[in-house]
Amino acid sequence: MRSRYTAHVAHDYRYLHVTYEPTAKTPYVEETDESPVRWTKLVVHSHELGKQPDLAYVDFSAYFTEQGQEGALHEKSEFRRIDGAWLFTRPIRQGPAPVKAAAKVGRNDPCPCGSGKKYKQCCL
């Protein structure tokens, strides 16, 4: 992930081409179009191994400026090790991870206020 981010910063489109699984085995065609995006910072929030040893996921935020406006790309991406090299395969999720809601308190559960009473006899 960090090497692909560095390639974006350095405009190394050839490296991006060969580290992206769908295009890795195809010939590279030089790109002349310069992107107005200037990448400023990478924050890796987490990484985890997949169910197979050659599969991994990276959750990150990449910060940028474009036409004077600051922005951030938050994404979870899938990487696969093929012939000893890690290749970006696809984005799993765009944006931050969904927030899980707290479990509801049942009538007969202990009250969350800490009184020691049942919820139905305290704060319900």
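This report walks through one helix, two pockets, a pair of unusual backbone angles and a few side-chain contacts in a predicted model.

## Helix α1 and its two faces

Let's start at the N-terminal end. Helix α1 runs over residues 2-10, and its buried residues are R4, Y5 and A7. Looking down the axis of α1, you'd see these buried residues fall within an arc of 160°, so they line one face of the helix. Turn to the face pointing away from that buried side and you meet the exposed residues R2 and A10.

What sits over the buried residues of α1? The cover includes one helix, α2 (13-18), and the strands β1 (37-49), β2 (55-66), β3 (69-82) and β4 (85-94). Several of these elements come up again below.

## The largest pocket

The largest pocket has a volume of about 250 Å³. Its lining is made up of 14 residues, and if you want to find the middle of the pocket on screen, look for M1, A56, V58, F79 and W86, which lie nearest its centre. Three elements, α1, β1 and β2, give two or more residues to that lining. Strand β1 makes the largest contribution, with four residues.

What kind of side chains line the largest pocket? Nine of the lining residues are nonpolar, three are polar and two are charged.

## The second largest pocket

Next comes the second largest pocket, with about 190 Å³ of space. Residues from the N-terminal stretch that line this pocket include M1, R4, Y5 and H8. The rest of the lining is W39, F60, A62, L73, E75, S77, F79 and F88. So two of the buried residues of α1, R4 and Y5, turn up here as pocket lining.

Which elements supply at least two residues each to the second largest pocket? They are α1, β2 and β3. The largest share comes from β3, which provides four residues. As for chemistry, the lining splits into eight nonpolar, two polar and two charged residues.

## Two residues with positive phi

Most residues other than glycine have a negative phi, which makes the next two worth a look. H11 isn't a glycine, yet its phi is positive, at about 55°. H11 comes just after α1, in the loop between α1 and α2. With a relative accessible area of 29%, H11 is partly exposed.

The other one is D83, again not a glycine, with a positive phi near 55°. You'll find D83 in the loop between β3 and β4. Is D83 buried or exposed? Its relative accessibility is 72%, so D83 counts as exposed.

## H74 and D59: a side-chain pairing

H74 lies in strand β3, and D59 lies in strand β2. Their side chains are joined by a polar contact of 3.0 Å. The side chain of H74 also makes a polar contact of 3.2 Å with the side chain of S61. Setting aside residues up to four places away in sequence, H74 touches H45, D59, F60, S61, R93, Q94, G95 and P96.

What about the D59 end? D59 has a relative accessibility of 11%, which falls under the 20% cut-off, so D59 counts as buried. Again leaving out residues up to four places away in sequence, D59 is in touch with V43, V44, H45, S46, H74, E75, K76 and R93. H45 and R93 appear among the residues touched by H74 and also among those touched by D59.

## K117, after the last strand

Finally, go to the segment after β4, where K117 sits. K117 is partly exposed, with a relative accessibility of 47%. Where does its chain stretch reach relative to A102? K117 and A102 are 15 residues apart in sequence, and their C-alpha atoms are 20 Å apart in space.

Not counting neighbours within four places in sequence, K117 is in contact with D109, P110, C111 and C122.

How values were computed:
Residues numbered from 1 in each chain as written. Predicted model: local features only at pLDDT ≥ 70, side-chain atom pairs only at ≥ 80, totals over all residues. Heavy atoms only, no water. Buried < 20%, exposed > 50% of the residue type's maximum accessible area, 1.4 Å probe, protein only. Arc of directions from axis to C-beta. Contact = heavy atoms within 4.5 Å. 1 Å grid on protein atoms, 1.4 Å probe; cavity = no way out; pocket = protein on both sides within 12 Å on 5 of 7 lines; lining within 4 Å. Points joined across faces, edges and corners; volume = space filled by probe spheres on them. Nonpolar A, V, L, I, M, F, W, Y, C, P; charged D, E, K, R; others polar. Polar contact = N/O pair within 3.5 Å; in protein donor to acceptor, adjacent residues only side chain to side chain.
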